[in-house]
Amino acid sequence: MKIRYLGTAAAEGWPAVFCQCEPCLRSKEQGGKNVRTRSSILIDDHTLVDFPPDTYLHVLRDGLDLGKVRRLFVTHSHEDHFYPQDLAMRSEPYSHLKEDEKLTLWGNAVVVGMIQRGMVGLEFDMVAARIIAPKEMVQTGGLTVTALLAKHTEPEESLLYIFDDGQKAFFHAYDSGWYPAETWEMLAGRALDLVNFDCTHGPISNRYGGHMGIPEVLAAREKMLELGAIKPDAKCVITHFTHNCGLLHQELEKEVSGSGLIVAYDGMELEI
Ligand SMILES: [Zn+2]
Ligand SMILES: [Zn+2]
Ligand SMILES: [Zn+2]
């Protein structure tokens, strides 16, 4: 599987739209890997995880052909993960697609409700929305996808996902908080090849909040190794950073040096 990290920031982006803080000013000055847009990934050019308001920017920046994307897995309804307005642009006359096939979206009841209810003046003709619940599994496009529960937006059920193509498998965990017991149970023994960890707070601990920082990521990786959830040589990526964590890309790399954690950046590609 090829995984492309389209965006790697938290809700505000980095630099954030109105922000004058020092990490945002330094991000603007230094550019490159220090500029982070709202988070999503693209799997093998055909599957998206999350649909942030920066998706159109990703198309322009990376020359993507999202007409090839047939499926979208949404973690939760927060605006940095789900911007349905642009999904309406998949219908005529806004898009002329080579194949007249709907994109299937899986998400929790809140996300699917936003599509089914429609929005003022918008129709979602070319999107089929389906509810997926924690512990449920779907097979699509050669992938077996399992939904797991996060600790983030109660009572809305924020979702984490395992993607498995029969050869390799990875766990994708935006906005996770410390995983609930049922999620640890589902991870045990999976021998995963890759984990994308929520690391919103960078070096700052967030053990009891709806996100993680590096201390929680290291503890979670340790527990995954103990449970056989990941292979001993599994790749562990940290992503979804807020400007409030204060560390630019190279500083984050320095912070985790020797730990084996990979600091994601916009446009990064990994093959497993
Ligand atoms: Zn988020
Ligand atoms: Zn800022
Ligand atoms: Zn969120």
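Which elements do the buried residues of α5 pack against? In this predicted model, they pack against β10, α4, β11, β12 and α6. The helix itself has 14 residues, and the distance from its first C-alpha to its last is 20 Å, close to the 20 Å expected at 1.5 Å a residue. Its buried residues are Ile214, Glu216, Val217, Ala220, Arg221 and Met224. These cover an arc of only 155 degrees around the axis, so they sit on the same side of α5. Just after the helix, glycine 228 has a positive phi of about 70 degrees.

The helix also contributes to the largest nonpolar core, since α5 (214–227) is among the elements that give two or more residues to it. The others are β9 (159–164), β10 (169–173), α4 (181–187), β11 (192–198) and β12 (230–239). This core has 37 residues, of which Phe171, Tyr179, Leu187, Phe197, Met224 and Ile238 touch the most other members. Leucine 187 can serve as an example: leaving aside residues up to four places away in sequence, Leu187 touches Leu148, Ile162, Phe171, Tyr179, Leu192, Met224 and Ala229. A second core, separate from this one, holds 24 residues, including Ile3, Tyr5, Val237 and Met268.

The metal sites come next. The zinc ion (ligand 1) has as protein donors Asp80 (OD), His81 (NE2), Asp175 (OD), Asp175 (OD) and His240 (NE2), at 2.1 to 2.8 Å. Along the chain these donors follow the spacing D-H-x93-D-x64-H. Histidine 81 belongs to the loop between β4 (71–73) and β5 (103–107), and histidine 240 to the loop between β12 and α6 (249–255), so this pair ties together parts that are 159 residues apart in sequence. Are these two histidines buried or exposed? A residue counts as buried when its relative accessible area is under 20%. Histidine 81 has a value of 0% and is therefore buried; histidine 240, at 1%, is buried as well.

Aspartate 175 leads from this site to another, as it bridges the zinc ion (ligand 1) and the zinc ion (ligand 3), which lie 3.8 Å apart. The protein donors of the zinc ion (ligand 3) are His76 (NE2), His78 (ND1), His152 (NE2) and Asp175 (OD), lying 2.1 to 2.2 Å from the metal. Their spacing along the chain is H-x1-H-x73-H-x22-D. Distant parts of the chain are linked here too: histidine 152 is in the loop between β8 (143–149) and β9, and aspartate 175 is in the loop between β10 and α4, 23 residues apart. Both histidine 152 and aspartate 175 are buried. The angles among the four donor atoms run from 86 to 171 degrees, and the site is irregular.

What is the geometry of the site of the zinc ion (ligand 2)? With angles of 100 to 117 degrees among its four donor atoms, this site is tetrahedral. Its protein donors are Cys19 (SG), Cys21 (SG), Cys24 (SG) and His243 (ND1), at 2.1 to 2.3 Å from the zinc ion (ligand 2). The donor residues are spaced C-x1-C-x2-C-x218-H in sequence. Cysteine 24, in helix α1 (residues 22–30), and histidine 243, in the loop between β12 and α6, link parts of the chain 219 residues apart. Cysteine 24 has a relative accessibility of 0% and so counts as buried. Histidine 243 is also buried, with a relative accessible area of 11%.

Definitions and conventions
Residues numbered from 1 in each chain as written. Chains lettered and ligands numbered in written order. Predicted model: local features only at pLDDT ≥ 70, side-chain atom pairs only at ≥ 80, totals over all residues. Heavy atoms only, no water. Core = buried A, V, L, I, M, F, W, Y, C linked by side-chain atoms within 4.5 Å. Buried < 20%, exposed > 50% of the residue type's maximum accessible area, 1.4 Å probe, protein only. Helix = DSSP H or I, 4+ residues; strand = E, 2+ residues; numbered from the N terminus. Contact = heavy atoms within 4.5 Å. Donors = N, O, S within 2.8 Å, 3.2 Å for Na, K, Ca; no water. Expected span 1.5 Å × (residues − 1). Arc of directions from axis to C-beta. Tetrahedral: all angles 85-135°; square planar, octahedral: opposite > 155°, others 65-115°.
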